[in-house]
Amino acid sequence: MRVVLIRQRYRPDGGAERFVARAAHALSAQGVEIMLVTRDWPQGAGDMRIERCNPRYLGSIWRDLGFALCACRRLRALKADLVQSHERMACADIFRAGDGLHRSWLAQRRRTTSPWGRVRLRLNPYHLYALAAETKALTHPRLRAVICGSRMVRDEIAGAFPQIADKLVVLYNGVDTQHFHPDVKAERDQVRQRHGIPFGDTIFVFVGSGFYRKGLAEAMKAIALLPASAGLLVVGQDRHEARYRQLGQALGIGNRLWFSGRQTDPRPFYGAADAFILPALYDPSPNVVLEAMACGLPVVTSRSAGTSELLVEGKTGFVCDALDTDGIARACASLLDPIQRAEMGQAARAAIEPYDLRLMGERFVAFYEDLLRARGGHG
């Protein structure tokens with residue numbers, strides 16, 4: 001079986017990009033031949049043949065539209081059994097809605113913006129383009145299936161596009177449970193010493209770039225409501241990092257807030273932490289939740305993070321509204337108890353094992369084979 005994947009570019013800390021790389025590895029292990037059509041992807045970042053499609057950059061709209069036009073033209077020369085796009089474009093058999101529904105993201109953004117800000121969102125040319133591209137991708141006659149990384153995304157798409165409800169399939173992301181493992185805690189003291197983190201403090205780790213969408217401000221506000229022995233370790237990059245440092249000073253947690261920047265390997269930082277926090281404003285299927293659970297960390301996240309569906313409230317973590325600072329703080333406070341924290345971490349590890357990368361590969365192959373049988377074979 002030959003499957004063509006489409007994704008514009010690779011970022012080592014990008015959740016969607018890491019999903020593509022992991023999926024390619026898992027599918028290759030199942031005997032699937034993978035080709036990737038991309039603008040920018042490093043060799044060796046996944047078991048696949050790379051086809052580059054890099055039109056001139058003329059702004060954010062042309063970045064997406066130009067790549068879509070180029071990729072769709074390139075597909076004509078590639079003989080594939082199935083084409084799976086991770087971008088909003090109307091030339092694929094399968095659309096993986098890894099970025100969720102753009103209109104749902106805008107709805108969440110409107111919760112935090114002023115009336116004038118909401119007007120600007122509504123009139124922003126890029127958002128208008130993204131909404132139109134999304135509609136075209138989801139209603140194109142060629143489309144045979146939409147892979148949703150969570151029930152949350154499935155329900156959002158079914159509500160907005162009821163005519164394709166029968167094409168929606170939930171396939172959760174997978175995680176390499178051998179690579180992400182509680183053994184990472186062996187690096188705890190080393191990472192804490194390097195960052196000047198007190199050994200005895202309870203540390204919550206936040207992993208994600210794009211601090212606004214991932215909910216860093218709410219995480220910081222929640223930590224500010226906890227005792228001084230609780231701190232926050234931030235792994236990720238954002239061009240507005242200075243603003244968040246200033247917010248930390250204003251909240252009085254500057255001395256228990258650590259920024260480590262973008263990391264290609266977050267495992268040592270999971271090992272240095274006691275719990276994981278991601279009160280995302282909108283994140284359709286965050287891989288970092290799976291990684292944290294696989295490393296044996298209890299999780300505090302939001303209902304607008306799709307993988308919150310995999311948590312059992314009070315057993316493996318806690319789920320709050322993304323803007324409920326008090327609720328987030330109460331959840332974090334319950335994890336200050338080392339006994340409860342350890343029990344929940346063990347339960348989190350056990351709960352995530354059925355989502356091992358190998359099993360994800362098997363589920364995707366079975367899904368592809370069902371599609372091909374329904375079509376009448378390969379080609």
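Biologist: Before we look at α15, what do buried and exposed mean here?
Modeller: Buried means under 20% relative accessible area and exposed means over 50%, and please keep in mind that this is a predicted model.

Biologist: Fine, so which exposed residues sit on the face of α15 turned away from its buried side?
Modeller: That face carries R373 and A374, both of them exposed.

Biologist: And which residues of α15 are buried?
Modeller: They are L357, M360, G361, F364, V365, F367, Y368, L371 and L372, and because they cover an arc of only 160 degrees around the axis, they lie on the same side of α15.

Biologist: Why would residues three or four places apart point the same way?
Modeller: An α-helix has 3.6 residues a turn, so residues with that spacing point the same way.

Biologist: What caps the N-terminal end of α15?
Modeller: D356 does, with a side-chain oxygen 3.0 Å from the backbone nitrogen of R358.

Biologist: Switching to rings, how many aromatic pairs are there in the whole structure?
Modeller: A search finds 11, and one of them is the edge-to-face pair of Y172 and Y355, at 5.8 Å centre to centre with 85 degrees between the planes.

Biologist: Where do Y172 and Y355 lie?
Modeller: Y172 is in the loop between β7 and α7, while Y355 is in the loop between α14 and α15, so the pair ties together parts that are 183 residues apart in sequence; both Y172 and Y355 are buried.

Biologist: What about F180 and Y270?
Modeller: Their ring centres are 6.2 Å apart and their planes stand at 70 degrees, so this pair is edge-to-face; F180 lies in the loop between β7 and α7, and Y270 in helix α11, 90 residues apart.

Conventions:
Residues are numbered from 1 along each chain as its sequence is written. This is a predicted model: local features need pLDDT of at least 70, side-chain atom pairs count only at pLDDT 80 or more; totals for chains, interfaces and linings use all residues. Side-chain values use heavy atoms; hydrogens and water are left out. Buried means under 20% relative accessible area, exposed over 50%, partly exposed in between (1.4 Å probe, protein chains only). Helices (H or I, at least four residues) and strands (E, at least two) are DSSP runs, numbered from the N terminus. The arc is that of the directions from the helix axis to the C-beta atoms. A polar contact is a pair of N or O atoms within 3.5 Å; within protein, one must be able to donate a hydrogen and the other to accept it, and residues adjacent in sequence count only if both atoms are side-chain atoms. Rings of Phe, Tyr and Trp (its six-membered ring) pair if their centres lie within 6.5 Å; planes under 30 degrees apart count as stacked, over 60 as edge-to-face and the rest as tilted.
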